[in-house]
Amino acid sequence: MSIAERLVQHARPLLEDRPILKAIAKRVDIASARASHSIAASFPSVIRPQPRQLTIAVTAHCNLRCVGCRYGRDFMVGEQLSVSEVCAALDDAFDAGISTVRFYGGEPLVHPGLKEMVAHARKLGLRSYITSNGILLKQKIDELCDAGLRLVTIGFYGFEVENTPYAQRSTYSESLERSLAYVREQYGEKIELQLNFVAMGPTCRNKVWRDALKLAERYGMFLHVDLVSFSTPFFLNDKQAGIALKPDDRPVLDEMVVDLLRYKNLVEDRVPHSREFIRSIPDWLLKQEDMHVPCDAYQNLWIGADGTVQLCDTALELGSIRKQRLSEIVFSDAHRRASQDAFLLNCPNCICNPESRIQKHAPSMRKYRGA
């Protein structure tokens, strides 16, 4: 790990309670990365692994059967990482300069050892958060807060009664709202909540984003937009699920962009996306792998519920923590090659890190600045 990467790791906690300095540091970081990407367009060898965030799919088990998701069906069926496996990976991740860990699934709240994982991340000084469907959050948040969790992000597919029943559980909406209300009543702003609106055919055509805006406002949540990529292995392909967007959907996507920009103008920081990224959303969703924006997955690492280590959740496999320590995988020759392949899109070109990819790509910033 370089001196610069170690500085980033130690600086992030110091900036959390200093929003002005944090914003300045973020702008400087993006500007530096944009310059680096411009150079790498001609000299891709300058791209090196710079892991900052680790995503760990701690379990493949899930308490929903969402229409487009293979978890719980035929993707890593029955797989689950042990607490010791996760904690060892966290130790190595910290030593590699990673500052943030995302506990994912499947549904991470069904893992009985999640609180021990969160506590270990806190002990190391890692910033941790979970991405959940929210159903079990009311039952689990007390122990997770005690363990050090301060951020929960929740995938949102719409209210089951009003929209396409994507989650296929009739009590999903009620369970989610009970959880959100409990967190706010018990913890106020101590726990940050982020609503991840999942943009795909059913949610966009049914204008679910408007429900997401209202829900985020009601519970004081940040609003994030997740773009469904059909190259991601745990999503069913469109022929199986029928959830992709088509060129004829462009008008409704343009309408969504107008609504999101209007909402960002009202709440600003509660929508963490840049305006350029928001304007790019229709192109990402309609073009999918034909969206040629260099990828910065060289700042990511992903560990699956079976121990597989990849650069991201779609491709560029690096090894397995069930065969070797994560410390033996990071910064290896394979890691360096994968980082450059991701940048050059020598991969399935999933919709990975679309926000940061737009911000680090000068031509995209020019294209979407006044679109």
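Colleague: Buried or exposed: which word fits N133?
Modeller: This is a predicted model: local features need pLDDT of at least 70, side-chain atom pairs count only at pLDDT 80 or more, and totals for chains, interfaces and linings use all residues. Residues are numbered from 1 along each chain as its sequence is written, and side-chain values use heavy atoms, without hydrogens and water. Buried means under 20% relative accessible area, exposed over 50%, partly exposed in between (1.4 Å probe, protein chains only). N133 has a relative accessible area of 5%, so N133 is buried.

Colleague: Which side chain makes a polar contact with the side chain of N133?
Modeller: Start with its place: N133 sits in the loop between strand 3 (127-132) and helix 5 (137-147). Leaving out residues up to four places away in sequence, N133 touches residues including C62, L64, E107 and Y172 (contact: heavy atoms within 4.5 Å). A polar contact is a pair of N or O atoms within 3.5 Å, where one must be able to donate a hydrogen and the other to accept it; residues adjacent in sequence count only through two side-chain atoms. At 2.8 Å, the partner of N133 is the side chain of N63.

Colleague: How far apart in space are A199 and A216, C-alpha to C-alpha?
Modeller: A199 lies in strand 5, residues 192-199. In sequence, A199 and A216 are 17 residues apart. In space, their C-alpha atoms are separated by 16 Å.

Colleague: What is the relative accessibility of A199?
Modeller: Beyond four places in sequence, A199 touches C204, V225, D226, L227, V228 and L285. A199 counts as buried because its relative accessibility is 0%.

Colleague: Why does Q359 count as buried?
Modeller: Q359 belongs to helix 13, residues 354-359. Its contacts beyond four places in sequence are I30, R34, S274 and M365. Q359 counts as buried because its relative accessibility is 13%.

Colleague: What share of the 371 residues is buried?
Modeller: Look at the whole protein chain, with its 14 helices and nine strands. Its C-alpha atoms fill a box of roughly 50 × 45 × 45 Å along the principal axes. Of the 371 residues, the buried share is 55%.

Colleague: What radius of gyration does the protein chain have?
Modeller: For 371 residues, a compact globule would come near 21 Å. That rule is 2.2 Å times the number of residues to the power 0.38, and the radius is taken over C-alpha atoms. The protein chain agrees with it, at 20 Å.

Colleague: What percentage of contacts join residues at least 24 apart in sequence?
Modeller: Count contacts in the protein chain between residues at least 6 apart in sequence. The share joining residues at least 24 apart is 74%.

How values were computed:
Helix = DSSP H or I, 4+ residues; strand = E, 2+ residues; numbered from the N terminus.
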